[in-house]
Amino acid sequence: MEEAVKVVNIYTESNPNPNSLKFVANFMLMPTGVSRDYPSISDTKNAPLARALFEKFTFISGVFYMSNFITITKDERVDWFEMKPQIQQFIKEWLQAEKSIITEEITDDVDAELTDNDTEAKIRGVLEEYIQPAVEMDGGAIKLTSYHEGVVTVTLQGSCSGCPSSTITLKNGIENLLKRMVPEVKEVVAEED
């Protein structure tokens with residue numbers, strides 16, 4: 001009896017970052033709430049698909065996995081119109097062959113270093129319930145890095161990293177919402193790489 005071939009559909013979604021494109025699969029690639037960001041080929045030790053993408057398409061400057069999508073960030077020397085179909089086909093063939101996208105054991109992404117006092121727990125709750133879904137729709141992720149004396153530090157990943165509008169989103173959207181919902185918050189800043 002013949003084995004059924006896995007049906008893989010990949011479609012793309014644009015986002016506010018013109019150098020980033022979201023490649024969406026018809027099934028989950030990562031467990032809910034878990035993401036992995038690969039800003040360079042040197043970070044891809046446990047990510048064979050990300051490594052292969054960097055090697056084949058030398059204009060790629062970042063690969064990000066989350067839920068059912070892979071966000072690819074490119075440098076400005078190439079146009080998406082030319083490269084999108086090739087990347088889309090490459091990802092589709094990789095997934096159809098049922099090759100691993102990640103070889104590490106996946107654990108929950110919650111940072112153990114955070115103490116999760118009441119204020120941090122409130123901040124994390126607002127980020128997860130109100131902000132992360134919108135950021136994820138744009139092909140990225142936001143993680144709480146630290147909270148100290150009213151200052152919330154976050155890490156932006158995927159299409160959000162290096163996006164021209166990320167500073168505006170951070171200050172006008174995320175900071176305003178956090179200040180309104182968690183009065184202890186005075187400022188939100190992005191962690192610098």
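Two strands count as paired if DSSP finds at least two bridges between them. With that in hand, let us walk through this predicted model, starting from its sheet and ending at one lysine.

**The sheet**

Five strands make up an open sheet, and their order across it is 1-2-5-4-3 with antiparallel pairing. Strand 1 (10-14) and strand 3 (35-38) are the edge strands, each pairing on one side only. On average, neighbouring strands in this sheet are turned by 20° against each other, direction ignored. As general background, strands of a sheet pair through backbone hydrogen bonds, either parallel or antiparallel.

At the strand 3 edge, four bridges connect strand 3 with strand 4 (residues 60-66), and the two run antiparallel. To pick out a bridge by its residues, Asp37 has Phe64 in strand 4 as its bridge partner.

Helix 2 (residues 80-96) lies across strand 1, strand 2 (20-25), strand 4 and strand 5 (69-74). Relative to strand 2, helix 2 runs at about 30°.

**Two residues of strand 5 and a loop proline**

Strand 5 holds both Thr73 and Lys74. Pro18, by contrast, sits in the loop between strand 1 and strand 2. Here is how Thr73 and Pro18 are classed by accessibility:

| Residue | Relative accessibility | Class |
|---|---|---|
| Pro18 | 52% | exposed |
| Thr73 | 13% | buried |

The cut-offs explain the classes: Pro18 is exposed because its 52% is over 50%, and Thr73 is buried because its 13% is under 20%. Although 55 residues separate Pro18 and Thr73 along the chain, their C-alpha atoms are 8.9 Å apart. Leaving out residues up to four places away in sequence, Thr73 touches Asn19, Ser20, Phe59, Ile60, Ser61, Gly62 and Gly158.

**A buried lysine**

Which side chain of opposite charge is nearest to Lys74? That is Asp79, at 6.1 Å, and Lys74 is buried yet has no salt bridge. The distance settles the matter, because a salt bridge needs a side-chain nitrogen of Lys or Arg within 4 Å of a carboxyl oxygen of Asp or Glu.

What lies 2.8 Å from a polar atom of the Lys74 side chain? The backbone oxygen of Val78 does. Setting aside neighbours within four places in sequence, the contacts of Lys74 are Pro18, Asn19, Phe59, Ile60, Ser61, Asp79 and Trp80. Pro18, the exposed loop residue, is thus one of the contacts of buried Lys74.

Methods
Residues numbered from 1 in each chain as written. Predicted model: local features only at pLDDT ≥ 70, side-chain atom pairs only at ≥ 80, totals over all residues. Heavy atoms only, no water. Axes fitted to C-alpha atoms, helices over the stretch in contact; angles between N-to-C directions. Contact = heavy atoms within 4.5 Å. Buried < 20%, exposed > 50% of the residue type's maximum accessible area, 1.4 Å probe, protein only. Lys, Arg positive; Asp, Glu negative; His and termini not counted. Polar contact = N/O pair within 3.5 Å; in protein donor to acceptor, adjacent residues only side chain to side chain.
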